[in-house]
Amino acid sequence: MAARIARCILLLPLVFLLAGCDWVVLRPSGDIAMQQRDLIVVSTILMLLIVLPVMALTALFAWRYRQSNREAAYDPEWHHSTQLELVIWSAPLLIIIALGAVTWIATHTLDPFRPLERIDAQRELAADVKPLKVQVVAMDWKWLFIYPDYGIASVNEMAAPVDVPIEFSITASTVMNSFFVPALAGQIYAMPAMETKLHAVINQAGDYEGFSANYSGHGFSHMRFRFAGLSGADFDAWVAKVKAAKDPLNREEYLRLDQPSEREPVRHYGTTMAGLFDAVVNLCVDPAKMCMRDMMAIDARGGLGLAGVYNVSRLAYDRPRSRDVRTQAEAFVLSLCQVGPEVMLSPATDAPMYGLLR
């Protein structure tokens, strides 16, 4: 017994080491994350209303009806109690109803596609406030942030002004990933050829960590980025700093950046190609690939037969492919176009389509 007590005393200092942990999920700095924290706390308390009594009664029954207790009632024929059945079934049922109501309300209130209606619990969002638009691309194994309203981009670094709503558009370049800034909001999946949304706001200035919450390969462990919550003036200074960068983010630079790499340093791009994020979502940053939206529109009008099948194989990123329906030497359809001065418009967006038919 003395040895056990000594071991417990020796292990006690380890408990105090936990005080150095930053429980950011339970102490967030953004209103959406704060509401999600409240949902976790409420759900936990509701479940503990059942869990704690059951655990206490388990210990009580084990002690009271132990073999050495001769005073405990022994009734092997007992099999039913209406009062006990009422408690056993009604209490969990009430908890389930309460959890269901809380979950239903939170599912609609915290829908990531739903624009914000407030800055925090005390302040409503003014109708004339323009959100900060940020386009997020999950790569192997780094994060690309594009600010379309400012024409800038950064790698593994993101900044946003305090108390300004942020409208995220999120996608991935190759495999499914998960965008997660615990201080800001819950994780949102990033998937290639799809665009997901997230609306959030940061309410306290600070330096926060963001990372990938979905395993995506060898460099996943280092797929982290810095998220800075800044005052209005500091954010303007950050934008000016990024704009001063000489490197442009065009198709060629994006394709180079998209190559797998680990521990990528922070990088800024002073200019970005218009429509780059749309090309990423539609898998056509490479000019040799038809945009997914145009391919879908062509298929909706009847398709291109064998050429269309070949286009699908060329659209995929998992090279090399062993089942191409034509050899590399053969011609293939990039897009639909007309011979002469007129250019055919995209059936999906009415934008000009450029390509080659042989």
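Q: How many disulfides does the structure hold?
A: This predicted model holds 1 disulfide.

Q: What makes Cys284 and Cys291 a disulfide?
A: Their sulfur atoms sit 2.0 Å apart, and the cut-off is within 2.5 Å, so the pair qualifies.

Q: Why is the disulfide of Cys284 and Cys291 called right-handed?
A: Look at the torsion about the S-S bond: it's about 80°, so the disulfide is right-handed.

Q: Are Cys284 and Cys291 buried or exposed, and how do you know?
A: Buried means under 20% relative accessible area. Cys284 comes in at 3%, so it counts as buried. Cys291 has 14%, so that one is buried too.

Q: Which residues of helix α7 are buried?
A: In α7, residues 292-300, they are Met292, Asp294, Met295, Ala297 and Ile298. Just after α7, Gly302 takes a positive phi of about 125°.

Q: Why are α2 and α3 called roughly antiparallel?
A: The axes of α2 (residues 31-64) and α3 (residues 82-109) cross at roughly 170°. Angles over 145 degrees count as roughly antiparallel, so the label fits α2 and α3. Their axes also come within 9 Å.

Q: What kinds of residues make up the contact of α2 with α3?
A: They split into 13 nonpolar, 3 polar and no charged. Among them are Leu39, Val42 and Leu46 from α2, and Ile95, Leu99 and Val102 from α3.

Q: Which residues touch the most other members of the largest nonpolar core?
A: Phe168, Phe179 and Phe227, out of 41 residues. Leaving aside neighbours within four places in sequence, Phe179 is in contact with residues including Trp143, Phe168, Leu198 and Phe225. Another core, of 18 residues, lies apart from the largest one and includes Val137 and Tyr254.

Terms used: Residues numbered from 1 in each chain as written. Predicted model: local features only at pLDDT ≥ 70, side-chain atom pairs only at ≥ 80, totals over all residues. Heavy atoms only, no water. Buried < 20%, exposed > 50% of the residue type's maximum accessible area, 1.4 Å probe, protein only. Helix = DSSP H or I, 4+ residues; strand = E, 2+ residues; numbered from the N terminus. Core = buried A, V, L, I, M, F, W, Y, C linked by side-chain atoms within 4.5 Å. Contact = heavy atoms within 4.5 Å. Axes fitted to C-alpha atoms, helices over the stretch in contact; angles between N-to-C directions. Parallel < 35°, antiparallel > 145°, perpendicular 65-115°, else oblique. Nonpolar A, V, L, I, M, F, W, Y, C, P; charged D, E, K, R; others polar.
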